[in-house]
Amino acid sequence: MTNTSTASPPVLARALIAGSGIMSFANSVTVPFLAVFLRRELGLQPGMIGFIIGSSVFFSIFAGFVAGALSDLFGRTRLLLTSLLGVIGSFVGLYFSHGVLAVFVFNATTALSASSFGPVGKALLSDLVPPGRRVKWFSYQYMTTNMGYAVGPVAGAAIGLAGDRSAFLVGALGYGVYLLGLGGVLLLTSSSASVGEPGRTATGEGQTQLFGSVLKGLAQSARVVAADARLLFLILAGLLLEAVHGRVSSLLAQHLSGGFADGTAILGYVLTTNAVTVVVLQLFVSRFMDRRNPVTSIVVGGLLTVLGMAGFAFAENVWHFVAAMVVFSLGEILIYPAEFAIIDRIAPEDRRGSYFGAQTFAQLGVFIGPYTGGLLLAAYGGTTMFLGVGSFALASVVIYLLVGRRVSGLAGPAPEHSAQRPKEEHADDTA
């Protein structure tokens with residue numbers, strides 16, 4: 001990717017960080033209540049509701065990789081703006097939807113558009129920020145995302161948007177505000193730097209063969225990604241962690257609703273604890289992570305995750321669950337920014353978007369964790385469920401320890417201003 005000037009990156013990087021909070025707020029007033037909307041407005045049965053909501057993860061995985069690879073070919077900013085437009089159009093479409101097919105289609109396009117933004121935004125943030133500061137900026141992004149999710153559901157419920165059709169218009173408005181803001185920042189910075197433009201062209205073919213060039217570029221990105229054993233093992237490790245963190249709320253909900261008289265109240269306290277812990281402690285924890293090996297951060301975070309799950313397994317009252325969630329949340333804070341930092345370090349500079357996009361395959365854990373947990377809960381009870389699913393995190397720690405020793409550049413903190421990256425021999429870098 002083309003280097004940016006020293007003046008422009010902070011502005012655009014801050015816009016990406018702020019946008020993470022705006023988008024998560026817009027998502028959290030709509031997506032958590034989608035099941036309520038489908039039941040109340042359309043009268044759908046639980047099986048159909050589960051199918052519509054659950055299918056979005058597969059659209060997200062597909063969109064994440066394709067968008068990341070395309071951003072390597074054609075630049076980041078076009079993909080970001082297009083994905084924001086896609087989410088806005090999808091939310092408006094959901095507002096006007098009155099049938100199952102329309103809801104399925106617009107829910108799918110929402111997942112496609114929103115998931116296109118994620119890896120491309122991370123790749124652009126990595127382009128803009130010096131290597132030694134990327135963990136900190138990924139931490140900022142993670143913090144603002146959680147701030148949006150902490151405030152959004154409460155605000156949505158307080159003003160009567162929970163499950164209401166008008167929530168989609170509020171979500172579209174939030175994305176629209178960010179689209180205008182990001183577009184304005186890009187206009188201001190474009191005069192001083194080619195921000196987010198590709199450092200090489202896809203092929204030398206003309207516009208008449210653009211479609212073929214895109215397919216060839218995607219196929220080439222897929223081959224590069226598939227040939228990197230380090231990345232594949234890291235995706236597997238990320239999947240195992242996602243199986244624990246991705247839907248821990250559903251595991252808690254099933255356990256608490258079945259075995260505790262005040263289970264709903266406990267669940268509310270525990271989920272609030274998670275949001276508050278992440279928002280309050282993120283900056284402090286990022287200082288610990290900033291100058292350390294990201295593998296160390298993930299290993300410590302993974303062990304804290306296991307301890308947190310063990311705490312849930314043996315908790316007997318609300319304070320036990322709250323204490324376990326604090327430990328679990330500390331592990332979460334350590335893990336997520338460090339995962340992105342590791343992908344950034346192993347990615348060739350001209351394939352950074354593809355690598356971040358490939359990381360979205362770890363979202364399969366969002367399905368594996370709750371499914372496995374449900375089976376264990378039905379057969380053996382809540383204690384076995386939490387310990388069994390928590391063992392995924394322990395397996396992930398082992399993978400990170402094994403892979404981390406064999407990956408050049410992961411032995412310590414990244415240099416502050418430069419980094420040695422592997423590059424494709426055929427790449428025509430113009431930076």
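User: What makes the crossing of H16 and H17 right-handed or left-handed?

Analyst: In this predicted model, H16 passes H17 in a right-handed crossing; that term applies if the near helix is turned clockwise from the far one by less than a right angle, and left-handed if anticlockwise. Residues are numbered from 1 along each chain as its sequence is written. Local features need pLDDT of at least 70, side-chain atom pairs count only at pLDDT 80 or more, and totals for chains, interfaces and linings use all residues, while side-chain values use heavy atoms, without hydrogens and water.

User: Why is H16 called roughly antiparallel to H17?

Analyst: Helix H16 (residues 365-380) and helix H17 (residues 382-404) pack at about 150°, with axes 7 Å apart. Angles over 145 degrees count as roughly antiparallel, so H16 is roughly antiparallel to H17.

User: How do you know that the span of helix H5 agrees with its number of residues?

Analyst: The expected span is 1.5 Å times one less than the number of residues. For the 20 residues of H5 (residues 76-95) that gives 28 Å, and the end C-alpha atoms lie 29 Å apart, which agrees.

User: Why does glycine 331 count as buried or exposed?

Analyst: Buried means under 20% relative accessible area and exposed over 50%, with partly exposed in between (1.4 Å probe, protein chains only). Glycine 331 has 0% relative accessibility, so it counts as buried. Its place is in helix H14 (residues 318-346).

User: Which residues does glycine 331 touch?

Analyst: Leaving aside residues up to four places away in sequence, glycine 331 touches His245, Gly301, Leu304 and Thr305, where contact means heavy atoms within 4.5 Å. Leucine 304 is 27 residues from glycine 331 in sequence, yet their C-alpha atoms are 4.9 Å apart.

Technical notes:
Axes fitted to C-alpha atoms, helices over the stretch in contact; angles between N-to-C directions. Helix = DSSP H or I, 4+ residues; strand = E, 2+ residues; numbered from the N terminus. Parallel < 35°, antiparallel > 145°, perpendicular 65-115°, else oblique.
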